[in-house]
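I opened this entry to keep track of what I looked up, one topic at a time. I begin with charged pairs, then turn to the core, the pocket and one residue near the start of the chain.

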Amino acid sequence: MKTENILVIGGTGKTGRRIVAQLKALGHNVRIGSRSATPAFDWHQPEDWSKTVEGMDKIYITYQPDLAVPGALEAIEELVKAAKRANIKKLVLLSGKGEREAQLCEQVVIHSGIDYTIVRASWFNQNFSENFLLEPILEGVVALPQAEAQIPWVDTNDIAEVATKALTEETHNGQIYELTGPRTLTFEDAVAEMAKASNRDITFIPISIQEYGEGMRKAGLPEDFIWLIEYLFTEVLGNPELAEVSHDIEKVLGRKPIDFSDYAKATVATGVWDPKSLA
Ligand SMILES: NC(=O)c1ccc[n+]([C@@H]2O[C@H](COP(=O)([O-])OP(=O)(O)OC[C@H]3O[C@@H](n4cnc5c(N)ncnc54)[C@H](OP(=O)(O)O)[C@@H]3O)[C@@H](O)[C@H]2O)c1
């Protein structure tokens, strides 16, 4: 196997850090693209991107905070230009299932003239342990809108394994992989799985989008964050395409995707859901 130089943008994040570990284990040279890396990479500072991209062979792209936000399309266009100037041979883009705006960004990568794989993922299991849904789990009360939405939760360990293969094996060039778990669960189902695994009472309360927005405003969260959360809960969770279970993980990895109940058991063992960590 040839050792390659691979840039992982968001390389300390939920998917990125798992990919970094796998690529290093395979013997590749990995550069992390993030604001705290050296050289620093910031999606808001395109004038500095060439320093990060220079000397790399391949790039894993996670955009921040989401491909649906205003400015994402232009940023992906700029990154593709920088990648072409640096003679990058492969792009792997993390995109969102059921997210129409993200698909416009996919088109930029697809038509870049560079080999590519699109990894179009459903909502992550790890939103409950490494993201905005951790706090309500710790507090034991999860109040969310879209209680009816059927979500095929996907594990970031599976996403990372697929993305690592996409980065290192040519057979995945030109593919769009839709990554989901093996079944759909509503928020209430997911909360029940986590309560069972952690042997705690965790209550689910269905609320409206309006109530959720008001709660976030009362908590003083920034308006652009509230806009994104409202977008995700209306446009993405309201899109029936999101609910379709895909078999692409099994196709690429030759095994079944990780089930939410196994994620819940493994996460309990890490201690991250121990309410004592709130103190
Ligand atoms: N969560 C979901 O359910 C879900 C589902 C489908 C798709 N997605 C997509 O997944 C992507 C996020 O991937 P992820 O969850 O693996 O990452 P993440 O955990 O959100 O990653 C945070 C990473 O991004 C870096 N970062 C933050 N702000 C940055 C900025 N302005 N410029 C450069 N780097 C920045 C962080 O490092 P520093 O702090 O050092 O900069 C860190 O490495 C988003 O595009 C989202 O749309 C998410």
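**Salt bridges.** I started with the charged pairs and found that the structure, which is a predicted model, holds 20 salt bridges. I then looked at one of them, in which the side chains of E106 and R120 meet with an N to O distance of 2.7 Å. This pair links distant parts of the chain, since E106 sits in helix α4 (residues 100–110) and R120 in strand β5 (residues 115–121), 14 residues apart. I asked myself whether E106 and R120 are buried or exposed, and noted that both E106 and R120 are buried.

Next I looked up the pair formed by E223 and R217, whose closest N and O atoms are 3.0 Å apart. I put E223 down as partly exposed because its relative accessibility is 48%, and R217 as partly exposed too, because its relative accessibility is 40%.

The third pair I checked was K256 with E250, whose side chains meet in a salt bridge at 3.3 Å, N to O. Here K256 counts as exposed because its relative accessibility is 57%, over the 50% cut-off, whereas E250, with a relative accessible area of 31%, is partly exposed. I also wanted to know which residues are joined into one network by salt bridges that share partners; they are K97, E106, R120 and E178, so the network takes in the buried pair E106 and R120 that I had noted above.

**Nonpolar core.** As background I wrote down that in soluble globular proteins nonpolar side chains tend to be buried together. In this model the largest nonpolar core has 65 residues, and those with the most contacts inside it are W43, I76, W123, F128, F187 and M194. Helix α9 (residues 223–236) gives the most to this core, with seven residues. I followed W123 further and, leaving aside its neighbours within four places in sequence, found it in contact with F132, I151, W153, V154, F187, L232, F233, V236, L237 and L242. There is also a second, separate core of 23 residues, which includes L23, V92, A121 and A163.

**Pocket.** I then turned to the open space, where the largest pocket has a volume of about 1,300 Å³. Of the 43 residues that line it, the closest to its centre are K14, Y63, Q64, P65 and D66. I asked which element gives the most to the lining of the largest pocket, and the entry I made is α9, with seven residues. Strand β4 (90–96) and α9 each supply at least two residues of that lining.

**N5.** Last, I looked at N5, which lies in strand β1 (residues 5–9). I recorded N5 as partly exposed because its relative accessibility is 23%. Although N5 and V30 are 25 residues apart in sequence, their C-alpha atoms are 5.9 Å apart in space. Leaving aside neighbours within four places in sequence, N5 is in contact with N29, G55, M56, D57 and K58. For G55 I noted in addition that its backbone oxygen lies 3.2 Å from a polar atom of the N5 side chain.

Conventions. Residues numbered from 1 in each chain as written. Predicted model: local features only at pLDDT ≥ 70, side-chain atom pairs only at ≥ 80, totals over all residues. Heavy atoms only, no water. Helix = DSSP H or I, 4+ residues; strand = E, 2+ residues; numbered from the N terminus. Buried < 20%, exposed > 50% of the residue type's maximum accessible area, 1.4 Å probe, protein only. Contact = heavy atoms within 4.5 Å. Polar contact = N/O pair within 3.5 Å; in protein donor to acceptor, adjacent residues only side chain to side chain. Core = buried A, V, L, I, M, F, W, Y, C linked by side-chain atoms within 4.5 Å. Salt bridge = Lys/Arg side-chain N within 4 Å of Asp/Glu carboxyl O. 1 Å grid on protein atoms, 1.4 Å probe; cavity = no way out; pocket = protein on both sides within 12 Å on 5 of 7 lines; lining within 4 Å. Points joined across faces, edges and corners; volume = space filled by probe spheres on them.
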